[in-house]
Amino acid sequence: MWLYGIGIIVCLASVWFLFSQSQFKEKCVEEADAVLVFFEEKVDIDPMTKRGTILYFPVYQYTVNGMIYHAKAQDFLRNSPTTQLNTHCLVKYNPKKPEECLIRNRKAQKMATFQEESFVPNKQFGRW
């Protein structure tokens with residue numbers, strides 16, 4: 001009997017997740033040109049073997065109304081990236097909250113925001 005309750009909770013959570021994702025996509029209607037500026041590296045450790053794998057997450061930069069935004073794509077690479085930096089792609093963003101964006105039609109994670117005239121790249125901010 002309690003399995004039915006767990007099944008209902010899982011179904012409701014799935015419906016809520018899909019609904020919130022579609023709402024987010026409906027808000028991201030404006031487009032901007034984005035540039036691949038670096039790859040964030042994270043170590044993924046397998047709990048069984050205790051061995052680590054480096055994951056490479058692409059971070060893109062785009063500008064809206066004089067503000068520079070950095071967003072990390074959800075896609076990652078397990079091998080050293082072969083994609084060249086300064087590669088362009090299209091980003092869809094929410095005009096009311098430009099830090100909310102989609103990269104390759106998937107929600108991206110906000111990294112940083114700068115005013116355009118005050119932004120100076122820092123080599124310690126990832127791999128340039």
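**Exercise 1. Find which lysines lie over the face of Phe57 in this predicted model.**

Step 1. Start with Lys42: its position is over the face of Phe57, 5.8 Å from the ring centre.

Step 2. Now turn to Lys72, which also lies over the face of Phe57, at 5.1 Å from the ring centre.

Step 3. Check both against the distance cut-off: a charge over a ring must be within 6 Å of the ring centre. Lys42 at 5.8 Å and Lys72 at 5.1 Å are listed as lying over the ring.

**Exercise 2. Classify the pair formed by Phe57 and Phe76, and place it in the fold.**

Step 1. The ring centres of Phe57 and Phe76 are 5.4 Å apart, with 45° between the planes. Planes under 30 degrees apart would count as stacked and over 60 as edge-to-face, so this pair is tilted.

Step 2. Phe57 belongs to strand β2 (residues 52–64), while Phe76 sits in the loop between β3 (67–72) and β4 (88–93), so the pair ties together parts 19 residues apart in sequence.

Step 3. Buried or partly exposed? Phe57 counts as buried, because its relative accessibility is 13%; Phe76, at 38%, counts as partly exposed.

**Exercise 3. Do the same for Tyr62 and Tyr93.**

Step 1. Their ring centres lie 6.3 Å apart and their planes are at 25°, so the pair is stacked.

Step 2. Tyr62 is in strand β2 and Tyr93 in strand β4, so this pair links parts that are 31 residues apart in sequence.

Step 3. Both Tyr62 and Tyr93 are buried.

Step 4. Tyr69 joins Tyr62 and Tyr93 in one aromatic cluster. The model's count is three aromatic pairs.

Notes. Residues are numbered from 1 along each chain as its sequence is written. This is a predicted model: local features need pLDDT of at least 70, side-chain atom pairs count only at pLDDT 80 or more; totals for chains, interfaces and linings use all residues. Side-chain values use heavy atoms; hydrogens and water are left out. Rings of Phe, Tyr and Trp (its six-membered ring) pair if their centres lie within 6.5 Å; planes under 30 degrees apart count as stacked, over 60 as edge-to-face and the rest as tilted. Helices (H or I, at least four residues) and strands (E, at least two) are DSSP runs, numbered from the N terminus. Buried means under 20% relative accessible area, exposed over 50%, partly exposed in between (1.4 Å probe, protein chains only). A charge sits over a ring if NZ of Lys or CZ of Arg is within 6 Å of the ring centre and within 35 degrees of the ring normal.
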